[in-house]
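Welcome to this short tour! Open the viewer, get your selection tool ready, and follow along stop by stop.

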Amino acid sequence: MQQIDTTATWQPSTDTAKLIIGNCVDVMRRWPDNIIQLTVTSPPYDSLRDYRGYDFPFEAIATELYRVTAQGGVLVWVVGDRIKNGRSLTSFRQALYFQKIGFFAHDIMIYQKKNTPFMRSNAYTNAYEFMFIMSKGKPSTFNPLKEPTQRHGYEMLPHNKLPDGINKKTLKQLKKEKTRTNIWSYAVGLGGTTKDKIAFRHPAVFPEKLALEHILSWSNPGDLVLDPMCGSGTTGKMALLNGRRFIGIDISAEYIDIARQRLADCGLSVAIESES
Ligand SMILES: C[S@@+](CC[C@H](N)C(=O)[O-])C[C@H]1O[C@@H](n2cnc3c(N)ncnc32)[C@H](O)[C@@H]1O
């Protein structure tokens, strides 16, 4: 495994595809400004999961993410709240902090889970997480995903009344497809999140389709995509399979090894580096 030269400033190359074991703050601090077109990531949610001894300095991570994001680049931050005696609202605090340090709050999208476990007897079952779409300035790339419209073909459609007050109708063609809404629904668990059994050695995998749809929406082939807390490598798999460059960082060597194996199973080879 290659060790990182901590004295040098790293520069991305045209074929960057790597996984790095380390604290993402320390790793990103060695990078130049404005190099990442898209980050798709999900942090540890409060203390919901038992990861392998992580350190989560949110404000330092946010600051580095802002610095390394290219002008017009996008950060997709997928996050939920701890729900125990009410909601922690950590998600909102994080979103407000991103805005405070300069990110443009482009959108708040919803990741709806088609199948969710029962959660509380005195509240509705929680079936979503937030996907905060933060950007450095306005996003420079938006490739809108479309869905079929319910009605299409030709119909007699009303148009604006003229001074005669008569509501006239004319034959017009309805659009076959429309831009999707900002609520995205995914089945979760084996077969929904991913078919890769190895990914479930990690306790908190997000759906491959979620990563894919953000990658297609906010980046173009050849762009550099980052997941600074990459876990089982979901963002990396979808980025590399779709012609993007990728860097994944995780503080756990065990999770980086899961990601490496998962990518290798798809025929994707990546360089492995260690910060220490
Ligand atoms: C919610 S999981 C990400 C799961 C990932 N999206 C997937 O699909 O597998 C969060 C990850 O953040 C990692 N992590 C926590 N603190 C970190 C830090 N300071 N630097 C790098 N990784 C960190 C944890 O080890 C964990 O794997």
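Select helix 4 and helix 5 and look at where their side chains face each other: Glu208, Ala211, Leu212 and Ile215 of helix 4 meet Thr234, Thr235, Lys237, Met238 and Ala239 of helix 5. Sorted by class, this contact holds five nonpolar, two polar and two charged residues. Keep in mind as you click around that this is a predicted model.

Now zoom out a little to see both helices whole. Helix 4 covers residues 208–218, and its axis comes within 9 Å of the axis of helix 5. At what angle do the axes of helix 4 and helix 5 cross? They cross at roughly 50°, and helix 4 and helix 5 are therefore oblique to each other. The crossing of helix 4 past helix 5 is right-handed.

**Next stop: helix 6**

Leave helix 5 (residues 234–241) selected and add helix 6, which is residues 253–265. These two axes also come within 9 Å, with a crossing angle of roughly 30°. Angles under 35 degrees count as roughly parallel, so helix 5 is roughly parallel to helix 6. Helix 5 passes helix 6 in a right-handed crossing.

Which residues should you colour here? On helix 5, pick Gly236, Lys237 and Leu240; on helix 6, pick Ala259, Arg262 and Leu263, which they meet. The residues of this contact divide into three nonpolar, one polar and two charged. Lys237 is worth a second click: Lys237 is listed in the contact with helix 4 and also in the contact with helix 6.

**Next stop: strand 2 and its partners**

Clear your selection and choose strand 2, residues 17–21. Then add strand 13, residues 245–250, which runs parallel to strand 2 and is joined to it by five bridges. To find one matching pair, click isoleucine 20 and look across to isoleucine 249 in strand 13.

Strand 2 has another partner to show you: strand 14, residues 271–274. How many bridges link strand 2 and strand 14? There are four, and the pairing is again in the parallel sense. Here, isoleucine 21 stands opposite serine 274 in strand 14.

**Last stop: the whole chain**

Finally, colour the chain by domain. The domain assignment gives domain 1 as 14–145 + 181–274, and domain 2 as 147–179. Taken over C-alpha atoms, the centres of domain 1 and domain 2 are separated by 40 Å.

Methods:
Residues are numbered from 1 along each chain as its sequence is written. This is a predicted model: local features need pLDDT of at least 70, side-chain atom pairs count only at pLDDT 80 or more; totals for chains, interfaces and linings use all residues. Axes are lines fitted to C-alpha atoms, for helices over the stretch in contact, and angles run from 0 to 180 degrees between N-to-C directions. Angles under 35 degrees count as roughly parallel, over 145 as roughly antiparallel, 65 to 115 as roughly perpendicular and the rest as oblique. A crossing is left-handed if the near helix is turned anticlockwise from the far one by less than a right angle, and right-handed if clockwise. Two residues are in contact if their C-beta atoms, placed from the backbone, lie within 7 Å. Ala, Val, Leu, Ile, Met, Phe, Trp, Tyr, Cys and Pro count as nonpolar, Asp, Glu, Lys and Arg as charged, and the others, Gly among them, as polar. Domain bounds come from an automatic or database domain assignment. Two strands pair if DSSP finds at least two bridges between them.
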